[in-house]
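Colleague: Could you take me through this model and show the reasoning behind each label? I'd like to see the values set against their cut-offs.

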Amino acid sequence: MAVFEARTSAADGRAVVSLVGECDLTTRDELTTVLLAAVDSAPVIVVDLSGLRFIDSSGVHGLVTGHHAARRQGRRLHVVNAGGAVAHVLEMTGIGELLAPPSVHGTGPAS
């Protein structure tokens with residue numbers, strides 16, 4: 001069984017959700033629960049993917065669910081530090097660009 005962990009901390013008025021391991025169908029509900037709780041707790045949610053080794057469409061769905069919940073509440077959810085296969089999946093699906101922090105977007109339109 002793949003290992004997955006989602007840890008939430010607060011820093012500078014933000015909720016930081018650090019993901020570790022592998023995020024797939026078996027962990028999607030845990031991811032969604034953690035992200036929705038973070039959305040309720042802070043105006044900006046930063047999802048740190050530096051410890052994530054794998055994400056499939058179920059994990060991407062969890063990120064999108066968190067993004068939509070944040071938008072409904074006038075909040076923002078961003079992903080940072082994706083690498084390897086995780087960065088590739090986010091790039092291929094467009095989610096990496098959608099959830100990139102504003103500094104990565106430059107002067108483009110706000111999402």
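Modeller: Happy to; what follows is a short conversation about a predicted model.

Colleague: What is the mean pLDDT of the chain, and where is confidence lowest?

Modeller: The chain averages 92, with 91% of its residues at 70 or more. Helix α5 (residues 102-105) has the lowest confidence, at a mean of 65, while strand β3 (residues 44-55) has the highest, at 98. Over residues 105-111 the pLDDT falls below 50, and this stretch has 8 contacts in the model beyond near neighbours in sequence. Where pLDDT is low, the predicted coordinates should not be read in detail.

Colleague: Why is Thr27 called buried?

Modeller: Its relative accessible area is 7%, and buried means under 20%, so Thr27 counts as buried. Thr27 sits in the loop between β2 (14-23) and α1 (28-41). Setting aside neighbours within four places in sequence, Thr27 is in contact with Phe4 and Glu22.

Colleague: Why is Glu22 called partly exposed?

Modeller: Glu22 has a relative accessible area of 24%. Partly exposed lies between the 20% and 50% cut-offs, so Glu22 belongs there.

Colleague: What makes Arg53 and Glu22 a salt bridge?

Modeller: Their side chains meet at 3.7 Å, N to O, and the cut-off is 4 Å, so the pair qualifies. Arg53 lies in strand β3 and Glu22 in strand β2, so the salt bridge ties together parts that are 31 residues apart in sequence.

Colleague: How many salt bridges are there in the whole structure?

Modeller: The search finds 3. Another one joins Glu5 and Arg7, with the closest N and O atoms 3.3 Å apart. Asp29 and Arg28 also form one, at 4.0 Å.

Colleague: Why does Asp29 count as exposed, and what is Arg28 called?

Modeller: Exposed means over 50%; Asp29 has 55% relative accessibility, so Asp29 counts as exposed. Arg28 has 26%, so Arg28 is partly exposed.

Colleague: Which residues touch the most other members of the largest nonpolar core?

Modeller: Leu19 and Val47 do, in a core of 27 residues. The elements that each supply at least two residues of this core include β1 (4-11), α2 (57-72), β4 (76-80) and α3 (84-93). Beyond residues up to four places away in sequence, Leu19 touches Val47, Phe4, Leu31 and Leu52, among others. In soluble globular proteins, nonpolar side chains tend to be buried together.

Key: Residues are numbered from 1 along each chain as its sequence is written. This is a predicted model: local features need pLDDT of at least 70, side-chain atom pairs count only at pLDDT 80 or more; totals for chains, interfaces and linings use all residues. Side-chain values use heavy atoms; hydrogens and water are left out. Helices (H or I, at least four residues) and strands (E, at least two) are DSSP runs, numbered from the N terminus. Buried means under 20% relative accessible area, exposed over 50%, partly exposed in between (1.4 Å probe, protein chains only). Contact means heavy atoms within 4.5 Å. pLDDT is the predictor's confidence in each residue, from 0 to 100. A nonpolar core is a set of buried Ala, Val, Leu, Ile, Met, Phe, Trp, Tyr and Cys residues joined through side-chain atoms within 4.5 Å.
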